[in-house]
Amino acid sequence: LCVVTAALAAGLTMGLLSLDPLMLLIKMRAGATQKEKDQAAAILPIVKQHHLLLVTLLLLNSMANEALPLLLEVLVSPVVAVILSVTFVLFFGEIIPSAVFTGPQKIELAARMVPLVRVVMFLLWPLAYPIAKGLDVVLHEEGDEGAENMNRGELSALVRVQYEERMAHKR
């Protein structure tokens, strides 16, 4: 349970925080399918709460990672418990989930996990909210950064980059 929880937290942290709110807004308005539009719409509200999402998932990950050696210590010697927990957490709780959640299906996976993330955000809110609010204040991050913060040249460059990537992919 600890490794699965750590895996979900690590994977969701990498997957959700790697999603750009501007990209999600674009997918909501111009996604290839209705399913893609719906997935982006489901993800955007939690991604917009950047610091709250970050703190919540890191708290969950830390709790799972810290509990694992304590639980294993009951079953095996303390040295073996540490070795097993580090190995399990590194491979099954960090590397593999991060690779999966940042892979080609990251939006679909993230959209499926939104209800779970909302529950975890609710449960950890009393601890996560003050920390996230402190980060917002210290780092002066209030609004969402999107197209309204781009000038005409930057928007033009964004379109050019997308076009060039599609052309390179076709070749």
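**Group meeting: a helical model and its nonpolar cores**

Let me begin with one residue, Ile107, which sits in helix α6, the helix that runs over residues 106–139. Please bear in mind that the structure shown here is a predicted model. With a relative accessibility of 13%, Ile107 counts as buried, because buried means under 20% relative accessible area. What does Ile107 contact, once its neighbours within four places in sequence are left aside? The partners are Leu19, Met23, Lys27, Gln39 and Ile43. In addition, the C-alpha atom of Ile107 lies 7.3 Å from that of Ala40, although 67 residues separate the two along the chain.

One of those partners, Gln39, deserves a word of its own. Gln39 belongs to helix α3. Is the side of the chain at Gln39 buried or exposed? Gln39 is buried, at a relative accessible area of 14%. Setting aside residues up to four places away in sequence, Gln39 touches Ile107, Glu108 and Ala111.

Allow me now to step back to the protein as a whole. There are seven helices and zero strands, so that the order of elements from the N terminus reads α-α-α-α-α-α-α. The C-alpha trace spans about 60 × 45 × 25 Å along its principal axes. The protein has 171 residues, and 33% of them count as buried. Among contacts with a separation of 6 or more, 77% are made by residues 24 or more positions apart; the pair Ile107 and Ala40, at 67 residues apart, illustrates a long separation along the chain.

I turn next to the interior. In soluble globular proteins, nonpolar side chains tend to be buried together. In this model the largest nonpolar core holds 28 residues, and the members with the most contacts inside it are Leu16, Leu19, Leu24, Ile43 and Val117. Which elements give two or more residues to this core? They are α1 (2–17), α2 (21–30), α3 (34–48), α4 and α6. The largest share, ten residues, comes from α6. Apart from this core lies another, of six residues, including Cys2, Val3, Leu72 and Ala81.

Leu24, one of the residues with the most contacts inside the largest core, shows how such a position is surrounded. Residues up to four places away in sequence aside, Leu24 touches Leu19, Ala40, Ile43, Leu44 and Val47. Leu19 and Ile43 also appear among the contacts of Ile107.

A polar residue may serve as the next example. Asn61 is found in helix α4, which covers residues 50–75. Asn61 is buried, with a relative accessible area of 8%. What joins the side chains of Asn61 and Glu94? A polar contact of 3.2 Å joins them. Beyond its neighbours within four places in sequence, Asn61 is in contact with Glu94 and also with Ala6, Ala9 and Ala10.

Finally, let us look at the surface. The accessible surface of the protein comes to about 10,800 Å², and 67% of it belongs to carbon and sulfur atoms. A nonpolar patch on the surface is formed by Phe88, Leu90, Phe91, Phe92, Ile95, Ile96 and Val100, with about 610 Å² of accessible area together. Leu90, a member of this patch, is placed in helix α5, residues 78–101. Leu90 is partly exposed, at a relative accessible area of 41%, whereas Ile107 is buried at 13%.

Terms used. Residues are numbered from 1 along each chain as its sequence is written. This is a predicted model: local features need pLDDT of at least 70, side-chain atom pairs count only at pLDDT 80 or more; totals for chains, interfaces and linings use all residues. Side-chain values use heavy atoms; hydrogens and water are left out. Patches are made of residues with over 30% relative accessible area and no salt bridge: like charges are joined within 9 Å, nonpolar side chains (Val, Leu, Ile, Met, Phe, Trp, Tyr) within 5 Å. Accessible areas come from the Shrake-Rupley method with a 1.4 Å probe; for residues, only the protein chains shown count as cover. A salt bridge is a side-chain nitrogen of Lys or Arg within 4 Å of a carboxyl oxygen of Asp or Glu. Helices (H or I, at least four residues) and strands (E, at least two) are DSSP runs, numbered from the N terminus. Buried means under 20% relative accessible area, exposed over 50%, partly exposed in between (1.4 Å probe, protein chains only). Contact means heavy atoms within 4.5 Å. A polar contact is a pair of N or O atoms within 3.5 Å; within protein, one must be able to donate a hydrogen and the other to accept it, and residues adjacent in sequence count only if both atoms are side-chain atoms. A nonpolar core is a set of buried Ala, Val, Leu, Ile, Met, Phe, Trp, Tyr and Cys residues joined through side-chain atoms within 4.5 Å.
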